[in-house]
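Student: I have a model open and would like to walk through it. Can we start with one strand pairing and work outwards?

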Amino acid sequence: MDSRESRKNDHIKYALSLSDGPVKTGFSDIHVMSNCLPEVDLDRVSLATNLPGVQTLTHPFIINAMTGGAASLETVNRQLAIVAKETGSAMAVGSQYGSVKSHNYSDSFRVVRLENPQGIIFANVSALATVSDGQCAVDMVEAQALQIHLNAAQELAMAEGDRKFSGYLRAIEKLCHSLSVPVIVKETGCGMAKGEIKALLNVGVKIIDIGGAGGTNFPAIEGARFKGANQELSTWGIPTAISLLEAVAVCGKQQGIVATGGIRTAMDTLKALILGANAVGMAGNILKNLTDGGVEYAVEELNKLKHNLQDFMVLTGCKTISQLKDVPVYYTGEVLSAKQCLENMR
Ligand SMILES: Cc1cc2nc3c(=O)[nH]c(=O)nc-3n(C[C@H](O)[C@H](O)[C@H](O)COP(=O)(O)O)c2cc1C
């Protein structure tokens, strides 16, 4: 097994054994007002949602980027693709950067398109990718969009990680202007703040996946792999709910925002959509379900989330995802403080 393959296997192993956090997502500081006169019939609730430049998603749950790039990971990607197909979920593959550079293991990604020919699939590379790397990743899985991941804290925690982070914005700009599909920039657990989101939109990024803190914690995963890592990095990051408020302050509500980072329940999802996300991404919990109970169980749990979200939509008086953005909420705790700070800075 080469070092990349063993690292990717380690990521799965530690993502399964470590728990979410320690930073909290912030969703428990958001409280949704119940509508006692909903005027909505459950069977009329539509979960369909949109992301700029991508065909309509039948529901807002995205199976976010996880794996691929080693022979042993083809099975995991095949299973994730079946879950995506059975549940009608959009799905991102894990980073294809190594595969594109080495021309190895592309089958471990292609399997996702083979299993789900009609599905919405996102390709994934790092911000080091050239335009031809990006297009190659897109073509490999016939992707509807390209995700570019940002993971500076993870790299710093990795013994073998990158230490040079300059030039990313310029590289992203080139990808945005040259690719055949829209670009999604995603953090992987430390969140995004207003200034950087603005900069990303200015260079042509169409979709922001905030990837906030509170869920899978990559600095902690790297800290478990390498005891000499800066272990304090695992406490770094903007909670998902606060990063979402930052994104909405720049983009506006439901204008190309994906909320990822510790989304585990239909209630987390409801709150994210009300705050202004178009969709939510989930990774660690899907992997756990797959490992605990196989494809069937992972499908069942994802379908449960869809049904539960429909129940909550009735209780907010909403027939559509877009109506959710007008549902009244109130804030407490850390998220309330963050919101007040944000408003004072405007
Ligand atoms: C095992 C594993 C591998 C991952 N690999 C990638 C990757 O290759 N590229 C990427 O953009 N994100 C990757 N992620 C990050 C997820 O897409 C997601 O942003 C992060 O896990 C937060 O979501 P969660 O809290 O629902 O897990 C990975 C996540 C997991 C659990």
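Tutor: Fine. This is a predicted model. Ile257 in S10 is the bridge partner of Ile208.

Student: In what sense do S9 and S10 pair, and over how many bridges?

Tutor: Strand S9, residues 207-209, runs parallel to S10, with 2 bridges between them.

Student: And what about S10 and S11, how many bridges there?

Tutor: S10 pairs with strand S11, residues 279-282, over 3 bridges, in the parallel sense. Within that pairing, Ala259 stands opposite Val280 of S11.

Student: What handedness does the β-α-β unit of S10, H11 and S11 have?

Tutor: Right-handed; helix H11, residues 266-275, is the helix of that unit.

Student: Back to S10 itself. Which way do Ile257, Val258, Ala259 and Thr260 point, and are they buried or exposed?

Tutor: Ile257 and Ala259 point one way, Val258 and Thr260 the other, and all are buried. In a regular strand, side chains alternate between the two faces of the sheet.

Student: Now the ligand. Which residues come nearest?

Tutor: There are 27 residues around the ligand, and the nearest are Gly94, His149, Gly215, Thr216 and Gly284.

Student: Which helices and strands each supply at least two residues of that shell?

Tutor: Helix H1 (3-17), strand S7 (145-150) and helix H12 (284-315) each do.

Student: How do the shell residues divide into nonpolar, polar and charged?

Tutor: The shell has 18 polar residues, 8 nonpolar and 1 charged.

Student: Different topic: His177. Where is it, and is it buried or exposed?

Tutor: His177 is in helix H7, which covers residues 168-178. His177 counts as exposed because 11 other C-beta atoms lie within 10 Å, and the cut-off for exposed is 12 or fewer.

Student: How far is His177 from Asn202?

Tutor: Their C-alpha atoms are separated by 12 Å, and the two residues are 25 apart along the chain.

Student: Zooming out, how many helices and strands does the protein chain have?

Tutor: The chain has 13 helices and 12 strands. Its C-alpha atoms fill a box of roughly 60 × 45 × 40 Å along the principal axes.

Student: What radius of gyration does the chain have, against that of a compact globule?

Tutor: The chain has 19 Å, and a compact globule of 346 residues would have a value near 20 Å, so the two agree. Of the 346 residues, 49% count as buried.

Student: And how many of the contacts join residues at least 24 apart?

Tutor: 78%, among contacts between residues at least 6 apart in sequence.

Notes:
Residues numbered from 1 in each chain as written. Predicted model: local features only at pLDDT ≥ 70, side-chain atom pairs only at ≥ 80, totals over all residues. Near = placed C-beta within 6 Å. Helix = DSSP H or I, 4+ residues; strand = E, 2+ residues; numbered from the N terminus. Nonpolar A, V, L, I, M, F, W, Y, C, P; charged D, E, K, R; others polar. Buried ≥ 20, exposed ≤ 12 C-beta atoms within 10 Å, placed from the backbone. Rg over C-alpha atoms; globule rule 2.2 N^0.38 Å. Contact = placed C-beta atoms within 7 Å. Pairing = 2+ DSSP bridges. Right-handed = clockwise from strand over helix to strand, strands pointing away.
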